[in-house]
Amino acid sequence: MVETALPACQACNEGDLVPLSDFGSQGAPIHYKAWVCTNPDCGFNLKIRNGDVYINEPINNGATAGRSR
């Protein structure tokens with residue numbers, strides 16, 4: 001088993017940055033599309049969308065996405 005150390009969050013110095021993956025519009029996997037701090041009080045995130053890099057976009061709870069109020 002190989003262990004890989006996660007990079008420390010430079011924004012808060014308390015959490016680690018974890019990679020997140022997603023699927024493209026045609027179902028192809030997109031690895032490391034985003035990096036998010038594990039410290040919930042920090043919220044630092046780095047995302048790649050259409051070749052552009054976005055920093056600290058709002059984080060939404062996926063469990064409530066798409067529900068009407």
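Which residues is leucine 17 in contact with, leaving aside its neighbours within four places in sequence? I started the notebook with that lookup, on what is a predicted model. I found leucine 17 in contact with Leu6, Pro7, Ala8 and Cys9, and also with Trp35, Val36, Cys37 and Phe44.

Next I looked up the nonpolar core. The largest one has five residues, and Leu17 belongs to it. The other members are Cys9, Cys12, Cys37 and Phe44. Of these, I had already noted Cys9, Cys37 and Phe44 as contacts of leucine 17.

I then checked burial for the whole chain. The protein chain has 69 residues, and 16% of them count as buried.

Secondary structure came after that. I counted four strands and zero helices in the protein chain. Along the sequence the pattern reads β-β-β-β.

For contacts across the sequence, I took those in the protein chain with a separation of 6 or more. Residues 24 or more positions apart account for 14% of them.

I turned to the surface. The protein chain exposes about 5800 Å². Carbon and sulfur atoms supply 52% of that area.

I also looked for a nonpolar patch on the surface. Ile48, Val53 and Ile55 make one of about 280 Å².

Last entry: is valine 53 buried or exposed? I located valine 53 in strand S4, which covers residues 52-55. Its relative accessible area is 55%, and the cut-off for exposed is over 50%, so valine 53 is exposed.

Note on methods
Residues numbered from 1 in each chain as written. Predicted model: local features only at pLDDT ≥ 70, side-chain atom pairs only at ≥ 80, totals over all residues. Heavy atoms only, no water. Helix = DSSP H or I, 4+ residues; strand = E, 2+ residues; numbered from the N terminus. Buried < 20%, exposed > 50% of the residue type's maximum accessible area, 1.4 Å probe, protein only. Contact = heavy atoms within 4.5 Å. Areas by Shrake-Rupley, 256 points an atom, 1.4 Å probe, with all protein chains shown as cover. Patch = residues over 30% accessible without salt bridge, like charges linked within 9 Å, V, L, I, M, F, W, Y side chains within 5 Å. Salt bridge = Lys/Arg side-chain N within 4 Å of Asp/Glu carboxyl O. Core = buried A, V, L, I, M, F, W, Y, C linked by side-chain atoms within 4.5 Å.
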